[in-house]
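Good morning, colleagues. Please take a moment with the sequence and the structure before I turn to the side-chain contacts.

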Amino acid sequence: MKFLQNMPRVLFFTGKGGVGKTSTACATAIHQAAAGEKVLLVSTDPASNIDEVLDTRLTGEPTAVSGVENLYALNIDPRAAAAAYRARAIDPYRGVLPDAVLETMEEQLSGACTLEIAAFDAFTELLVDSSATAGFDRIIFDTAPTGHTLRLLSLPRAWTGFVAENTTGSSCLGPLAALEKQTQMYARAVTVLSDESQTRLVLVTRPDGAALKEAARTSAELLALGITNQHLVINGLFTVTDSSDSVAVALAERAQRALANMPDELRPIPSSTIPMSANPPIGLAGLQSFFQVQQPVIEEATEGGTSKVTGADLNQLIEQLADSGRGIVMTMGKGGVGKTSIAVMIARQLADKGLSVVLTTTDPAAHVHDAAGQVPDNLTVERIDPAAEIARYRQEVLADASALDDDGLALLEEDLRSPCIEEIAVFQAFARTVFSADNRITVIDTAPTGHTILLLDAAQSYHREVLKRGDAHSLEVSGLLPRLRDPAFARLLICTLPEATPVHEAAQLQDDLVRAGITPTAWVVNQSLTPLTVSDPLLVARRNREARYLDEIASQYSKQTFILPWQQQGL
């Protein structure tokens, strides 16, 4: 693999959800550890699954990976990082300041800003603090899907600028003294990310048109951040071995067509190709063979047979939605499972029935407009645009501040320049979108799991933040959770692929939703080979492996399951 040659010490793996970032990062870590390097693998994904991939229980501290000498790994858990951040900020004052003051500090540090800055601090410390990674020859970051990662990689520059230009000495996180102590670390992070001799960005994609388009957009945004040392990895390239298998031929043709039409922005970037495997990229056997052109098929892949789970009729759900004429449909799950395509399909079928439908997305790396294509007049395609929502939020807050004196207004304007205002503004837009579905049907393509969990998990914090203003938005925010908990109003579809990681991540997402009092409507298993007839050995092995996961979904997780077959144009 070309990207394994002449590597700097720090590697970042990023890309559209579901393209194989974690698999590629873990396989690289094992490869380098086998070569004698002491490697630290770090996940920045709020919905990390490297525990399952490496078969090792991880925490926020470097943990030795089972069965792999020289390899250590850790998860940056935003919620755990935020708890530690609050403790560091508040504990020194316990017994010194009055309880009422401590309660105010705890409330101030319970919002989305703290969640973001705490995870960001953990990330920058590992990136630039030599004492934190002393003894490791290589640091590998397995990042969240691109929208979340671009936000993370832009923060060193954003927070450095915010602290340097701040004139009031305060922020949404309280006094800036603590942040000022971090500015040198933030500045070093900017330097490390921009230095080709220290950092390489491995942009993982698949031989698929949508994935390649997003890779091109991501590459351009990374260049704008000064990250120029990029390498493109095309994962999962299928080669036909049985030309009589029409599905295999179509799969190979789709990949070649996508590569032939690769965006021009990607062509100058050095690239490597990883073949599709019959084996799941989980556990040492699967990861050790990950880069091999001729991969041995693990016996498990050929065991069993086609699942007896047939699935329900998705058209019946669409008829129920059409009859109601109101509410929301949310497609949720791991990146790359087809949430956007499923949302587009549902929105189009509802529009074809004559209903007025809105299709929107909460994904920072949204491509819903591309997926929707030419739309009928009664289908409106929107996007929650972070930049537009920040501008709207700032304008509304300042309009409500007419009674403030000059000092108060200056303090407020400083607060509104904080990088973490984006999270509040996007949440407000999400609440507004759900609120507006009282008299229409809105189909929402959500961001990948980790980003969506954080959005819902922080609902109470945003609720307090917006309610302080006492305006009409309080109705939108205070009514958000009741609407999401109402099965007659909100139909949440857990989307997955018939594979281990997407299924188990979806199950975790469902657990988080249930704890919030939100019950998913059904599961949608996308791109399944089970309903199809295949004879190519690799596809037969992959289809046989689907059985255990379809059976697991039907028996353990979902009372209603829809199975959508693989399609040549994708779904």
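I shall speak about aromatic pairs and then about salt bridges. Please bear in mind throughout that this is a predicted model.

Let me begin with the rings. How many aromatic pairs does the structure hold? The count is 6. One of them joins Phe 3 and Phe 291, whose ring centres are 5.9 Å apart with 75° between the planes, an edge-to-face arrangement. In sequence these two residues are 288 residues apart. Phe 3 belongs to the segment before strand S1 (10–14), whereas Phe 291 sits in the loop between helix H10 (283–288) and helix H11 (314–324), and the pair thus links distant parts of the chain. Are these two residues buried or exposed? Both Phe 3 and Phe 291 are buried. They also belong to a cluster, in which ring pairs link Phe 3, Phe 13, Phe 290 and Phe 291.

A second pair deserves attention, that of Tyr 72 and Phe 136. Why is this pair called edge-to-face? The ring centres lie 5.7 Å apart and the planes stand at 75°, so the pair falls into the edge-to-face class, for which the angle must be over 60 degrees. Tyr 72 is part of strand S4 (residues 71–75), and Phe 136 is in the loop between helix H5 (112–128) and strand S5 (138–142), so the contact ties together parts that are 64 residues apart in sequence. The two partners can be described by their accessibility. Tyr 72 has a relative accessible area of 27% and is partly exposed, while Phe 136, with 11%, is buried. Phe 136 has a further neighbour: Lys 38 lies over the face of its ring, at 5.2 Å from the ring centre.

I now move from rings to charges. Side chains of opposite charge can pair when their charged atoms come close. The count here comes to 10 salt bridges, and I shall present three examples.

In the first example, Glu 37 and Arg 138 form a salt bridge, with the closest N and O atoms 2.7 Å apart. Which parts of the chain does this pair link? Glu 37 is in the loop between helix H1 (21–34) and strand S2 (39–43), and Arg 138 is in strand S5, 101 residues apart. Glu 37 has a relative accessibility of 18% and counts as buried; Arg 138, at 7%, counts as buried. The cut-off applied to these values is under 20%.

The next example is the salt bridge between Glu 319 and Lys 353, at 2.7 Å from N to O. Glu 319 lies in helix H11 and Lys 353 in the loop between helix H12 (339–352) and strand S12 (357–361); they are 34 residues apart, and the pair links distant parts of the chain. Glu 319 counts as partly exposed at 38% relative accessibility, and Lys 353 counts as partly exposed at 40%.

The remaining example lies within a helix. Asp 512 and Arg 515 meet in a salt bridge of 2.4 Å, N to O. Both are in helix H21 (residues 500–515), and because they are 3 residues apart there, about one helical turn separates them. Asp 512 is partly exposed, at 22% relative accessibility, whereas Arg 515 is exposed, at 64%. Finally, salt bridges that share partners join Arg 326, Asp 438 and Arg 483 into one network.

Methods. Residues numbered from 1 in each chain as written. Predicted model: local features only at pLDDT ≥ 70, side-chain atom pairs only at ≥ 80, totals over all residues. Heavy atoms only, no water. Phe/Tyr/Trp six-rings, centres within 6.5 Å; stacked < 30°, edge-to-face > 60°. Helix = DSSP H or I, 4+ residues; strand = E, 2+ residues; numbered from the N terminus. Buried < 20%, exposed > 50% of the residue type's maximum accessible area, 1.4 Å probe, protein only. Lys NZ or Arg CZ within 6 Å of the ring centre and 35° of its normal. Salt bridge = Lys/Arg side-chain N within 4 Å of Asp/Glu carboxyl O.
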